[in-house]
Amino acid sequence: MASYPFTARYATLPIDNVDTDQIIPARFLKTTSRDGLGASAFYDWRYDAQGGPKRDFVFNRAEFRGVEVLVAGHNFGCGSSREHAPWALLGLGLRAVVSSTFADIFKNNALKNGLLPIQVDPQTLSELLWSPGYITVDLAEQQISTPSGITATFPIDSFAKHCLLHGVDQLGWLLSLDGDIAAFERTRMEEVTV
Amino acid sequence: MPDASVVSPSSPPTTLYDKVWRSHLVREATDATPAVLYIDLHLVHEVTSPQAFAELRARGIPVRRTERTVATMDHVTPTTPRDSAGHMPVLDTVAEAQLGQLSVNCAEFGVRLYDIDADQQGIVHVIGPELGLTQPGMTVVCGDSHTSTHGAFGALAFGIGTTEVGHVLATQCLLQQRARTMEIRVDGTLAPGVSAKDVILAVIAKLGVGGGTGYVFEYTGSAIRAMSMEQRMTVCNMSIEAGARAGMIAPDETTFEYLRGRQSAPKDAAWDAAVARWKTLRTDEGATYDASIQIDATSLRPMITYGTNPGMAMPIDGVVPAPADVTDAGERRTLSEALAYMGMTPNQPLAGTPVDVVFVGSCTNSRLSDLRDAASVVRGRRVAPGVRMLVVPGSRDVKRQAEAEGLDRVFRDAGAEWREAGCSMCIAMNGDALAPGQLAVSTSNRNFEGRQGAGGRTLLASPFTAAACAVTGVVTDVRHLIHS
């Protein structure tokens with residue numbers, strides 16, 4: 001379970017609509033594991049056709065080594081449902097991504113894995129994008145702040161927040177509803193056959 | 001038997017989405033917990049399921065409803081010829097291991113699997129409807145964003161991640177928040193050469209790739225009503241490309257006729273009862289949507305993308321937009337980078353641009369009517385020299401039907417490749433891929449950088465347009481070929 005609040009350095013990717021095919025190209029999805037995907041994160045932006053690192057890409061730059069937060073342009077994570085995207089970002093060492101909007105499925109997948117999607121207003125995003133440095137993430141207060149004085153609050157589903165803060169096992173919680181599910185099924189089974 | 005989808009006279013008017021949503025609530029949302037939504041049909045494929053089955057195995061729990069869980073192999077399967085015994089050899093050992101894992105998982109957990117050699121094998125979003133598994137009013141999920149396809153039947157259908165695949169396998173339920181609703185009204189009549197694909201590309205161009213985030217779309221209007229089920233599936237399929245969670249179309253006689261007699265469709269008295277229930281699945285007079293947009297079908301022209309997301313689409317006789325004309329700095333930068341990747345110049349016409357590859361296939365456009373559309377343009381013509389055209393049916397059943405009416409001959413005689421069923425070059429996981437720098441016109445759903453192969457460039461278009469580009473070798477307005 002991740003602990004909050006935390007303070008970490010952040011990297012910036014000032015590109016809108018960063019899609020899941022960029023976060024992890026499909027050819028790396030032929031795995032049956034969720035581990036080791038950090039090496040493939042942003043692969044086609046990180047490496048050239050010969051596999052050499054592209055020096056100017058953010059995750060290849062020395063000053064961003066070891067960052068734990070990524071600040072990116074709006075509509076981050078659009079595209080596919082691959083949970084390999086948050087797995088790859090976690091594999092890079094990230095604990096949170098900041099944007100002005102997130103694609104629905106990506107946001108859901110990120111929350112299920114303890115990668116915090118932090119949605120801020122476009123003005124705050126713009127300030128963060130052009131001034132990389134340190135950021136403090138306080139999940140309990142739903143607030144971010146920087147030493148340079150940027151502060152913002154962010155929304156999060158209350159159940160997802162509770163689960164992240166207290167390490168609640170969502171599948172375990174769903175399994176505990178077996179009685180409710182069985183009761184629903186008794187009315188439903190007659191109606192719909194597959 | 002109580003039926004929550006039947007609205008009593010005292011009920012307030014309700015949208016189609018709300019009817020399906022409410023009739024599947026195992027538990028309402030509270031201040032502290034999300035709603036618990038029951039899932040009627042869970043479709044499974046090899047790429048997004050192994051870690052979910054592993055989770056169940058680690059916890060020692062079974063699949064709750066094996067009869068509501070159906071698996072197939074589609075993403076990493078080759079589309080190369082089968083051997084004389086009908087077996088498909090898989091040469092990629094990593095892909096073979098993933099496919100093998102799905103076989104092991106389905107056998108161990110008792111899940112029905114249409115494997116690579118099954119007669120019913122195909123793209124998960126093609127075979128679900130084809131087998132009659134997808135039905136009006138159902139909740140349908142799959143670890144695949146194009147699950148929105150099934151909304152064409154008035155189902156609430158959406159993509160989920162692998163953790164949620166595990167939730168559904170184990171409990172048949174998902175934790176969900178209610179979505180907002182957007183009506184997408186498409187009235188009018190499509191001109192010859194203009195198709196369902198052009199409608200949905202126009203919708204995405206209007207909304208942008210994030211414009212539908214948080215919404216479930218309902219497509220309404222005379223142009224939608226006039227569409228076949230296959231055309232409606234094309235429209236709903238790409239709802240996710242505007243960011244929508246799902247897209248839905250109220251079922252009607254077209255829906256019922258499509259389903260009648262299919263393998264898993266209700267039979268006899270159960271059929272009559274089902275149709276009576278399905279007829280209640282429409283947005284009531286007076287119900288309101290959270291947002292609405294309108295598209296005029298009559299004035300639509302064939303659409304094509306020019307950039308690196310599906311929202312960057314324009315009429316095929318238009319010119320590529322110029323970053324200098326974009327006021328928002330972020331959007332300007334995004335457009336500049338997209339044009340740089342695509343090798344496009346601001347204000348250039350796309351028509352006449354040389355094409356390397358044409359791909360007809362994917363869960364968007366690989367059904368029989370799509371192949372007929374493409375064949376109608378290719379018939380009596382040749383694929384242009386230097387162009388590679390791949391035609392990949394969505395399922396083995398589509399392939400058999402197409403062959404029965406001679407479409408394979410049309411494509412082969414023209415010099416196109418007629419391949420086995422699967423996702424193929426839409427996602428380029430199976431060896432069917434663009435080479436770096438190649439430009440493809442593709443009937444698939446995503447033109448993201450490298451989507452069809454690292455360094456490859458994609459123009460999304462309809463089967464009509466793709467076929468026109470194949471036979472001319474350049475980006476071509478299909479209306480010129482129809483009229484000539």
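# A tour from a strand pair to the pockets

Start in chain B and select Val141(B): this residue stands opposite Phe158(B) in β7(B). You are looking at a predicted model.

**Stop 1: the open sheet of chain B**

Widen the selection to strand β6, residues 139-142 of chain B. Four bridges tie β6 to β7(B), and the two strands run parallel. Now show the whole sheet. Five strands make up this open sheet of chain B, in the order β5-β4-β3-β6-β7, with parallel pairing. Colour the two edges: β5 (112-114) and β7 (156-159) of chain B each pair on one side only. Look along the sheet for its twist, which averages 20° from one strand to the next. Strands of a sheet pair through backbone hydrogen bonds, either parallel or antiparallel.

**Stop 2: helix α5 of chain B**

Next, select residues 162-171 of chain B, helix α5. Is this helix enclosed or not by the rest of the structure? It is largely enclosed, because ten of its ten residues are buried. Click through them in α5(B): the buried set includes Thr162(B), Glu164(B), His167(B) and Leu169(B). Gly166(B) and Ala170(B) are also among the buried residues. Then step just past the helix to Gln172(B). Here the backbone takes a positive phi of about 65°.

**Stop 3: strands β9 and β10 of chain B**

Select residues 215-220 of chain B, strand β10. Six of its six residues are buried, so the strand is largely enclosed by the rest of the structure. Show the side chains. Tyr215(B), Phe217(B) and Tyr219(B) point one way from β10(B). Val216(B), Glu218(B) and Thr220(B) point the other way. Both sets are buried.

Add strand β9, residues 180-187 of chain B. Six bridges join β9 to β10(B), and the strands run parallel. Which residue stands opposite Glu218(B) of β10(B)? Select Glu183(B) to see that partner.

**Stop 4: Met227(B) in its loop**

Move to the loop between α7 (222-225) and α8 (229-237) of chain B, where Met227(B) is found. Buried or exposed? Met227(B) counts as buried, because its relative accessibility is 3%, below the 20% cut-off. Show its surroundings. Leaving out residues up to four places away in sequence, Met227(B) touches Leu190(B), Ala196(B), Val199(B), Arg232(B), Val235(B) and Thr254(B). Draw a distance from Met227(B) to Leu190(B): they are 37 residues apart in sequence and 9.9 Å apart in space, C-alpha to C-alpha.

**Stop 5: the largest cavity**

Turn on a cavity display. The structure holds six cavities of 30 Å³ or more. The largest has a volume of about 220 Å³. Which residues are closest to its centre? Select His75(B), Asp144(B), His146(B), Ile427(B) and Arg451(B), from a lining of 25 residues. Colour that lining by class: nine residues are nonpolar, eleven polar and five charged.

**Stop 6: the largest pocket**

Now go to the largest pocket, with about 760 Å³ of space. Its lining has 31 residues. Nearest the centre lie Asp104(A), Lys107(A) and Asp157(A), along with Gln177(B) and Arg245(B). Show the elements around it. From chain A, α4 (104-112), β4 (116-119) and α6 (158-166) each supply at least two lining residues. From chain B, β7 and β8 (173-176) each do so too. The largest share, six residues, comes from α4(A). By class, the lining has 14 nonpolar, nine polar and eight charged residues.

**Stop 7: chain A as a whole**

Hide chain B and show chain A as a cartoon. Count eight helices and seven strands. The C-alpha atoms of chain A fill a box of roughly 60 × 40 × 25 Å along the principal axes. Of its 194 residues, 55% count as buried. Contacts in chain A between residues at least 6 apart in sequence are worth a look: 62% of them join residues at least 24 apart.

**Last stop: Gln143(A)**

Select strand β6 of chain A, residues 143-145, and pick out Gln143(A). This residue counts as partly exposed because its relative accessibility is 33%, between the cut-offs of 20% and 50%. Bring back chain A side chains around Gln143(A). Beyond residues up to four places away in sequence, Gln143(A) touches Thr136(A), Val137(A), Asp138(A), Ala152(A), Thr153(A) and Phe154(A). Finish with a distance to Trp87(A). Gln143(A) and Trp87(A) are 56 residues apart in sequence and 24 Å apart in space, C-alpha to C-alpha.

Methods
Residues numbered from 1 in each chain as written. Chains lettered and ligands numbered in written order. Predicted model: local features only at pLDDT ≥ 70, side-chain atom pairs only at ≥ 80, totals over all residues. Heavy atoms only, no water. Buried < 20%, exposed > 50% of the residue type's maximum accessible area, 1.4 Å probe, protein only. Contact = heavy atoms within 4.5 Å. Pairing = 2+ DSSP bridges. Axes fitted to C-alpha atoms, helices over the stretch in contact; angles between N-to-C directions. 1 Å grid on protein atoms, 1.4 Å probe; cavity = no way out; pocket = protein on both sides within 12 Å on 5 of 7 lines; lining within 4 Å. Points joined across faces, edges and corners; volume = space filled by probe spheres on them. Nonpolar A, V, L, I, M, F, W, Y, C, P; charged D, E, K, R; others polar.
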